[in-house]
Amino acid sequence: MNLHTFAKQIRLLALELCFSKNTSHIGSAFSVADIVAVLYGDLLNISSSTRQHPDRDRLFYSKGHACTALYAALDLRGFFEPGALLRDFTSDGSYFTAHVNHHLPGVELSTGSLGHALGVACGVALAAKRKQQSYAVFAILSDGELDEGSNWEAILFAAHNQLDNINLIIDYNKLQSFGTVAEVMNLEPLKDKFHAFNWSVFEVNGHSITDLQEVLRTVKTTCSGQPKCIIAHTIKGKGVSFMENQLLWHYKSPKEIDYYAARAELEAS
Amino acid sequence: MRNTFISTLCSLATLHKNIFLLCGDLGFSVLEPFADQFPDRYLNVGIAEQNMTQVAVGLAFEGYNVFTYSIGNFPTLRCIEQIRYDVCYHEANVKIVAVGAGYAYGSQGVSHHTTEDLAILRSLPNMTVCSPSDPVEAKAAAYFMAEHKGPAYIRLNKTGEECIHDPTLDLHIAPGRLIEIQPGKDSAILATGTILSQVIEEVRQAGENWAVFSAPFIGGYDPIELIKLAMRFKNLYTIEEHQLNGGFGSSIIEALSDLYSNKKLNRMPYVHRIAIPNQFLSVSGSQHYLRTIAGLTVSNYFD
């Protein structure tokens, strides 16, 4: 699979969803799109036919508001009935809610309230240790949600229990609800914090497909007694020039003029 | 009753290989037998109840029947959103065990008074709420929970409770079912939790011919049983070691009122709710003392 193309398709489908259904958080979806593409296009041992297999890799998608990126990836990988996502997203009676819903095939955990997925991922990783199973556990968190205390409980827990089968990816786009992360609740020095909590820490350009592939392959195959944190430096709204680094696109849904301009940029990329 | 519950859980864990116990660094001198016998199915997660609940959900996803254990408000109210969203919404096989029901930790102060849990937990979809009255019901609760698949809450007192039921009997408890402790006429007392033994003693001392029932589960009452109860007794007195708002008594009124409104019941009994009058007790005191100043007594209602 060409992962550049896959990432582009994820962004185009996320754009289509946000535009056609008038929903928010497109900036967050674009920020995480390349990470999701590398995971579902390459790294994760999972497919629509193995989505309940005991040996499958588990992905816990904590930033449930950026649902369009995950839904798009799952749709493109054939997890959903063809056409259902575009038709039913946020429609009356549909499981395609605007925050991730576990009633959909391929979704391990419903998220939307921040700070929930890492602790659940720890439980799943602990179970793998106790039952001597070899699946990998991934969790994708936003940067803003590291404000939640529950995450730091889980961060302590994972290291103390040597859950080296946990791979935590932080989508560090440096923008949260009211402004920059630095202004609202500074996380720096983030790398040092994870080191101090006894995690292995990696930094990566969250928009370089090859760098992401390399680091994620490394962490997936490395089990050294420490849980692993991958700080992915990303850009909110990545891929559409007028959305990049713009807080507005945390909320705004694309109007017709935005939609066509964004689509043209993405298709040309 | 907490020791009875844990020792029963220990014996059940031999048979039920999926039972896993998590504690929030509380339960010293209580949980050791389980930890010693089943080290691969026990973990102290530290003083972190949000994470304890989330880890429980993850373990439950992988096939375990997970019991979380701590004191009163900590494994419940402290992490109520994890219970709502992660446990209940996902119908995870997680059992929350809280010790220190009501004023069992009376002298420890309001932090340790567990007096709003029933109202809050019974409002959650998919949650089964269990409130045993004595060690025999606590043992029966452990048996029920080992088999039950899905979210549940078990509210235990602490220690030193007398047995109301015959401990040699093989008691079975089930959601929606009340247990008739003693027969009587005209009036019946419905009690949940260990205040039941006090009620029995009050009735005995007063020489009243009142019926007494135990409610080991809150909510989901069998309608036929409730209709029978309403036909038999003109007055029902509910008593609980919990706030008045939304607790056990409220659950009985709701169920009866629904039956009456739907014309399944011809006559509403008078339901008198005895509960804590929606206030915190800031003073220190034994469980008995705090129950008394909260007005948790049926004696005022005798003729």
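**Exercise 1.** What span should the 18 residues of helix α2 (residues 26-43) of chain A have, and how far apart are its end C-alpha atoms?

*Conventions.* This is a predicted model, in which local features need pLDDT of at least 70, side-chain atom pairs count only at pLDDT 80 or more, and totals for chains, interfaces and linings use all residues. Residues are numbered from 1 along each chain as its sequence is written, and chains are lettered from A and ligands numbered from 1 in the order in which they are written.

*Solution.* Helices (H or I, at least four residues) and strands (E, at least two) are DSSP runs, numbered from the N terminus. The expected span is 1.5 Å times one less than the number of residues. For α2(A) this gives 26 Å, and the end C-alpha atoms are 24 Å apart, which agrees.

**Exercise 2.** Find which strands stand at the edges of the five-stranded sheet of chain A.

*Solution.* Strands pair if DSSP finds at least two bridges between them. The open sheet has the order β1-β2-β3-β7-β6 (chain A), with parallel pairing. β1 (58-61) and β6 (200-205) of chain A each have a single partner strand, so one side of each lacks a neighbour in the sheet.

**Exercise 3.** Describe how β3 (residues 166-172) and β7 (residues 228-233) of chain A are joined.

*Solution.* These two strands of chain A run parallel and are linked by six bridges. A:Asp171 has A:Ala232 of β7(A) opposite.

**Exercise 4.** State how β5 (residues 128-130) of chain B pairs with β10(B).

*Solution.* The pairing is antiparallel, over two bridges. B:Cys130 faces B:Phe217 in β10(B) as its opposite residue.
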